[in-house]
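Biologist: I should like a close look at the side-chain links of this chain, with the pocket that ranks second in size treated afterwards. Please state the cut-off behind each term as it arises.

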Amino acid sequence: MTAPEGTSVTLTAEPADGLELSGWGGMCQSIGGCTVTLTADADVSASFVQVPLPAICTGLAPDVLPAATQTTISVLDSCTPGLSTETGELALIGFGNGSRTTAIIDVAQRAQVMMHTDPMQSSSSADFVAQRASFMEIVRTPLPSDGTASGSPSQNLVVAAFDANTFSPSTTFVGRLVMAAIPVGGSVGASAGGAILAGDILSITAGGVSVARHQICMLEVTGNIAWCSDREAAGPVYGAAVDQFGRTLVITGGDAPGSITAQWFDGSGKALTGEFLVIENFTAGSDTWFEGRALIGGGLVVRRVDQLNDPAGHPYRTAQWLFAIDAGSSGMRAPPSWLQSNTDIAIARRGMGYAVLAMGKPSAPCNQTIQMLAPDGTRCGSFTLPLAAGSCRTEDVALGRDGTLVEIVPRELRPANSCSWAFWPSALQ
């Protein structure tokens with residue numbers, strides 16, 4: 001800067017995240033503040049060092065990121081987040097031109113080992129979960145109303161298990177069901193993998209009458225049914241989540257207007273609680289649901305998710321953390337203070353801590369930041385996923401079971417009518 005002779009200038013150090021001031025140099029030879037009286041031209045420097053991390057952060061601090069690999073699939077107009085198995089297979093799935101295309105990548109070799117395209121009705125939707133060594137999908141296709149009751153289930157649901165070598169449709173339901181992944185590190189009912197389905201299943205009674213049964217089912221890794229149990233709530237299922245030890249919370253619409261209820265089940269389908277109230281006077285958006293994330297040591301933290309459209313008409317999601325809850329309890333508490341709106345979390349580093357994952361949004365920095373937290377929320381550093389300078393309409397960052405980070409490449413940075421993904425192999429293993 002330039003200033004009149006005799007001006008007194010005070011400089012302040014503002015360390016970047018994870019750094020602290022170690023001292024001044026040049027005309028300021030101090031550790032604290034720096035004030036210089038300009039009787040002549042003056043040079044001043046500031047030195048910064050890494051803040052020592054607490055012992056609880058051991059093994060969580062970010063390493064140097066591996067180089068990213070980018071994969072593009074053409075003739076697609078809708079891209080899903082990538083998901084990877086614990087054995088290092090990455091599934092990249094997109095929709096377009098009346099079909100669903102799946103590419104499976106060997107993460108260690110950074111090489112595609114399979115690409116498969118299936119016809120898919122434009123009115124259908126699908127969800128996917130990763131297993132320890134395979135993947136599972138549920139495809140929902142609308143059906144005409146069965147005419148038995150207003151609001152009766154009207155979707156045909158086909159569950160299939162697949163990997164790089166086989167694709168095996170295994171179970172078919174008629175109803176309305178949501179799928180919940182069983183997280184890394186599960187034990188009871190979770191050690192072999194699988195997934196949870198919760199909702200309404202249409203069944204035919206002995207008298208030939210179709211009845212909607214309110215149920216929760218566990219699927220084995222093959223997609224076959226391990227068990228089904230009845231739920232208490234008659235309202236629609238708005239979300240389901242599984243904690244570290246295979247215990248499932250099903251979130252439903254209550255009897256009273258604006259009420260949201262829930263019920264806990266253990267890993268064998270036994271009800272741990274009855275239906276209980278979690279929210280009163282709830283106001284939903286045009287497209288709202290609930291998601292839970294497993295907490296280290298058991299229990300869940302639950303968030304509200306709303307889907308919106310950006311100015312170009314492309315969907316993105318916002319999220320607000322609502323409450324934390326212990327498994328088998330009907331008592332809720334405030335979510336941890338270290339959780340921020342419009343972020344996601346995943347258990348990382350073999351269960352040692354959390355990765356706070358960026359969610360996509362309009363006009364955000366193209367290079368998104370990942371925070372690493374200890375189980376108690378202590379900040380253990382951060383790193384940036386390098387894509388491009390400037391701002392973008394970003395997409396969600398996902399963390400695979402093997403620690404691979406995956407991000408859908410923003411539309412501005414990929415070819416038209418295609419899906420592109422960038423992935424950082426085993427970055428948080």
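Modeller: What follows takes the disulfides, then the salt bridges, then the pocket.

This is a predicted model, in which local features need pLDDT of at least 70 and side-chain atom pairs count only at pLDDT 80 or more, while totals for chains, interfaces and linings use all residues. Residues are numbered from 1 along each chain as its sequence is written, and side-chain values use heavy atoms, with hydrogens and water left out.

A disulfide is a covalent bond between the sulfur atoms of two cysteines. The criterion applied here is a pair of cysteine sulfur atoms within 2.5 Å, and by this rule there are five disulfides. When the bonded cysteines of the protein are numbered in sequence order, the pairing reads 1-2, 3-8, 4-10, 5-6, 7-9.

One of these bonds joins cysteine 57 to cysteine 380, with the sulfur atoms 2.0 Å apart. The link of cysteine 57 and cysteine 380 has -75° about the S-S bond and is left-handed. Because cysteine 57 sits in the loop between β4 (44–50) and β5 (69–74) and cysteine 380 in strand β30 (residues 379–385), the pair ties together parts 323 residues apart in sequence. Strands here are DSSP runs (E, at least two residues), numbered from the N terminus. As for exposure, buried means under 20% relative accessible area, exposed over 50%, and partly exposed in between (1.4 Å probe, protein chains only). Cysteine 57 is buried at 2% relative accessibility, and cysteine 380 is buried with a relative accessible area of 1%.

Another disulfide pairs cysteine 79 with cysteine 419, whose sulfur atoms lie 2.1 Å apart. The torsion about the S-S bond of cysteine 79 and cysteine 419 is about -95°, so this disulfide is left-handed. Since cysteine 79 belongs to strand β6 (residues 78–79) and cysteine 419 to strand β34 (residues 418–424), the pair connects parts that are 340 residues apart in sequence. Cysteine 79 counts as buried at 18% relative accessibility, and cysteine 419 is buried with a relative accessible area of 0%.

A further disulfide lies between cysteine 217 and cysteine 228, with sulfur atoms 2.0 Å apart. The torsion about the S-S bond of cysteine 217 and cysteine 228 is about 110°, so the bond is right-handed. Cysteine 217 is in strand β16 (residues 210–219) and cysteine 228 in strand β17 (residues 225–230), so the pair ties parts that are 11 residues apart in sequence. Cysteine 217 is buried at 1% relative accessibility, whereas cysteine 228 is partly exposed at 33%.

Side chains of opposite charge can pair when their charged atoms come close. A salt bridge is counted when a side-chain nitrogen of Lys or Arg lies within 4 Å of a carboxyl oxygen of Asp or Glu, and the whole structure holds 19 salt bridges.

Aspartate 63 and arginine 349 meet in one of them, at 3.4 Å from N to O. This pair links distant parts of the chain, with aspartate 63 in the loop between β4 and β5 and arginine 349 in the loop between β26 (343–348) and β27, 286 residues apart. Aspartate 63 counts as exposed at 52% relative accessibility, whereas arginine 349 is buried with a relative accessible area of 4%.

Aspartate 200 forms a salt bridge with arginine 231, and the closest N and O atoms are 3.2 Å apart. Aspartate 200 lies in strand β15 (residues 195–204) and arginine 231 in the loop between β17 and β18 (237–242), so the bridge ties parts that are 31 residues apart in sequence. Aspartate 200 is buried at 15% relative accessible area, and arginine 231 is buried at 7%.

Arginine 317 pairs with glutamate 291, with closest N and O atoms 3.5 Å apart. Arginine 317 is in strand β24 (residues 315–325) and glutamate 291 in strand β22 (residues 288–294), so the pair connects parts 26 residues apart in sequence. Both arginine 317 and glutamate 291 are buried. A network of salt bridges links Glu291, Arg293, Arg303, Arg317, Asp344 and Asp396.

Finally, the pocket. On a 1 Å grid over the protein atoms alone, a pocket is an open set of points where a 1.4 Å probe fits, with protein on both sides within 12 Å along at least five of seven lines, and lining residues have an atom within 4 Å of a point. The second largest pocket has a volume of about 380 Å³, a volume being the space filled by probe spheres set on the points, which are joined across faces, edges and corners. The lining of the second largest pocket comprises 20 residues, of which Gln340, Thr343, Ala358, Thr369 and Gln371 lie nearest its centre. Strands β27 (353–358), β28 (364–365) and β29 (368–373) each supply at least two residues of this lining, and β29 gives the largest share, four residues. By class, the lining has eight nonpolar, 10 polar and two charged residues, where Ala, Val, Leu, Ile, Met, Phe, Trp, Tyr, Cys and Pro count as nonpolar, Asp, Glu, Lys and Arg as charged, and the others, Gly among them, as polar.
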